[in-house]
Amino acid sequence: MSQPTIESILQEKRLFQPPAEFSQKAHIKSLDEYQELYDKAKADPQKFWADLAEKELHWFQKWDTVLDWQPPFAKWFVGGKMNISYNCLDRHLTTWRRNKAALIWEGEPGDSRTLTYAQLHREVCQFANVLKQLGVKKGDRVGIYMPMIPEAAIAMLACARIGATHTVVFGGFSAEALRDRLIDGQAKLVVTADGGWRKDGIVPLKDQVDIALANNAVPTVENVLVVKRTAQQIQMEPDRDHWWHDLQQGVSADCPAEPMDSEDMLFILYTSGSTGKPKGVVHTTAGYNLYTHMTTKWIFDLQDTDVYWCTADVGWITGHSYIVYGPLSNGATTLMYEGAPRASNPGCFWDVIEKYGVNIFYTAPTAIRAFIKMGEHLPKARNLSSLRLLGTVGEPINPEAWMWYYRVIGGERCPIVDTWWQTETGGVMITPLPGATPTKPGSATRPFPGILADVVDLEGNTIGDNEGGYLVVKHPWPGMMRTVYGDPDRFRRTYWEHIAPQDGQYLYFAGDGARRDEDGYFWVMGRVDDVINVAGHRLGTMEVESALVSHPAVAEAAVVGKPDEVKGEDVFAFVTLEGSYDPSDQLAKELKEHVVKEIGAIARPGEIRFTDAMPKTRSGKIMRRLLRSLASGQEVAGDTSTLEDRSVLDKLRGGA
């Protein structure tokens, strides 16, 4: 790994204070209040988390030990007994929330459902009993391969209720990717649907399951449960395949929640590596419940009247933590949408916000850049006045995209919480608290209370302000992953051995570079392998991309390093243009000069390649690893199972 040190950076000086009216009603009302919480947590992390666990969650049995830390392996709330499904459902039934909307669902064709807490509880208990009838026991693994429909959340909560470990596989993954994950997790049962709607078409989920399980490829799978969603023709395998609605009908709604040990496995979620098989990230029960509960409550400033919408898919950690477990644990109304902006309705997100009076909107920078390209007329044609808070997730956001989001979607009245975290962290780690933290476009600002983050060199030494380094966490936190499923050595190697331990203290590092400015704000530069070394100068790809996107012609940019005999590496930029601009040599020259103006001559792209689209994962992240291979003329290798549209890669390869 090269060591990132940023010598030329975008000097972002804009500062936005939390609106006074927002702060008055917020859970955390001022920067002083945040600092007091942060200092308290830093002084005694175990007491901080224990006090919150006692106050915020229901326990069948209190813990004996708050933290058992055997680096790099942590156990939280040892000896405690609880159930996350109980915390998300049962405890709300004795309050006025019993008849409150728990889950609002909107399907892509326009069908919809609303489930109150009482109704959701009933459906979860019934499905938990269905799982039991099919022989699923505590500790068994259940694969979930679903569209964005309520049954996906119901299946997750039902597994948690009886102590089965769920492993959700994103419905856009191929049969091969599904098979690999089911084999690694040794799944006993698969929950799927005949299909799901996406961008005006049907995703044939059951067909993919059949391919994955063909020829007894996953011998541990005994049963497949199928939700009828699209009513398309599918093959049902006798004795193995069952319709959800047939088995759910008439089943008892009485299913007491299983008391789970704090460290019992809640779920495995697979995250792709650049090489090798996907890593099964393991999260356990109590610490994950507490961390998603607190981050949801404070970061999104959840109020009882809010309609909260996270646009992620439940197949990703964002969907686990911030569609299902975090919001429901807080007794919130969480919205789930099956669709995506598409040719027949590019403004569908704004329709949903207007229809349901959404107050909190949490989406990805990739989506925001797509919104920009579509034009302001779409959101401006809808009433978005219900919005009071915006959020971003998934990757660093360019300052100009942040400003567009703030101005066009938020009407310059909504704070933006730009959140940094990962599958491995379980929940958000660095973020503004909207009533307390002044924000800077492009910065995730400060660590969440209880998170001791730092920017260090390879020896683990803290580095100076505005110097690029490695983003690490110096103390365990409740929501952290516990291991890589079945491979503790890989867990240690991947996350804990890149940075030298300090005084025997392990530092968690999951691959991102960052700098910290003079105000203590963190600026995440992206993956460390997305740092370019140009003639001894380290440039964060995020910095160059931000400069390009600030030009009016550019909708989206992805920057990688290309090997260069003289400089070591040269800057190679892939650029998607706004609709009214056409590619030309003159425009390429203009963009290069624009980068020089924004950052300096060292950042001038050696080459700019115009493209209609970027190779992206199904969750919307640009696959820069593939672009690096294309830029250097190498054969694309490694895991491409997450690539959404292979034709994009073929077109780029043809132009390479």
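**Cavities in a predicted protein model**

Q: Hi! Of the residues lining the largest cavity, how many are nonpolar, polar and charged?
A: Happy to help! The lining of the largest cavity has six nonpolar residues, two polar ones and two charged ones. Keep in mind that this is a predicted model.

Q: Which residues are closest to the centre of that cavity?
A: Ten residues line the largest cavity, and the closest to its centre are Gly442, Arg515, Trp523, Met542 and Glu543.

Q: And which elements give two or more residues to that lining?
A: Those are β25 (522–527) and α17 (541–549).

Q: What's the space in there?
A: The largest cavity holds about 90 Å³.

Q: How many cavities of 30 Å³ or more does the structure hold?
A: Three. The second largest has a volume of about 40 Å³.

Q: What lines the second largest cavity?
A: Its lining is made up of Asn83, Ile84, Cys159, Ala160, Gly163, Ala164, Met260, Met265, Leu266 and Thr285. Both α6 (150–162) and β14 (265–271) supply at least two of the lining residues.

Q: How many of those are nonpolar, polar or charged?
A: Seven are nonpolar and three are polar, with no charged residues in the lining of the second largest cavity.

Q: Switching topic: what pLDDT does the chain average?
A: The protein chain averages a pLDDT of 91, and 95% of the residues score at least 70.

Q: Where is the pLDDT below 50?
A: Look at residues 1–9, where the pLDDT is below 50. In the model, this stretch has 34 contacts beyond near neighbours in sequence.

Notes: Residues numbered from 1 in each chain as written. Predicted model: local features only at pLDDT ≥ 70, side-chain atom pairs only at ≥ 80, totals over all residues. Heavy atoms only, no water. pLDDT = per-residue confidence, 0-100. Contact = heavy atoms within 4.5 Å. 1 Å grid on protein atoms, 1.4 Å probe; cavity = no way out; pocket = protein on both sides within 12 Å on 5 of 7 lines; lining within 4 Å. Points joined across faces, edges and corners; volume = space filled by probe spheres on them. Helix = DSSP H or I, 4+ residues; strand = E, 2+ residues; numbered from the N terminus. Nonpolar A, V, L, I, M, F, W, Y, C, P; charged D, E, K, R; others polar.
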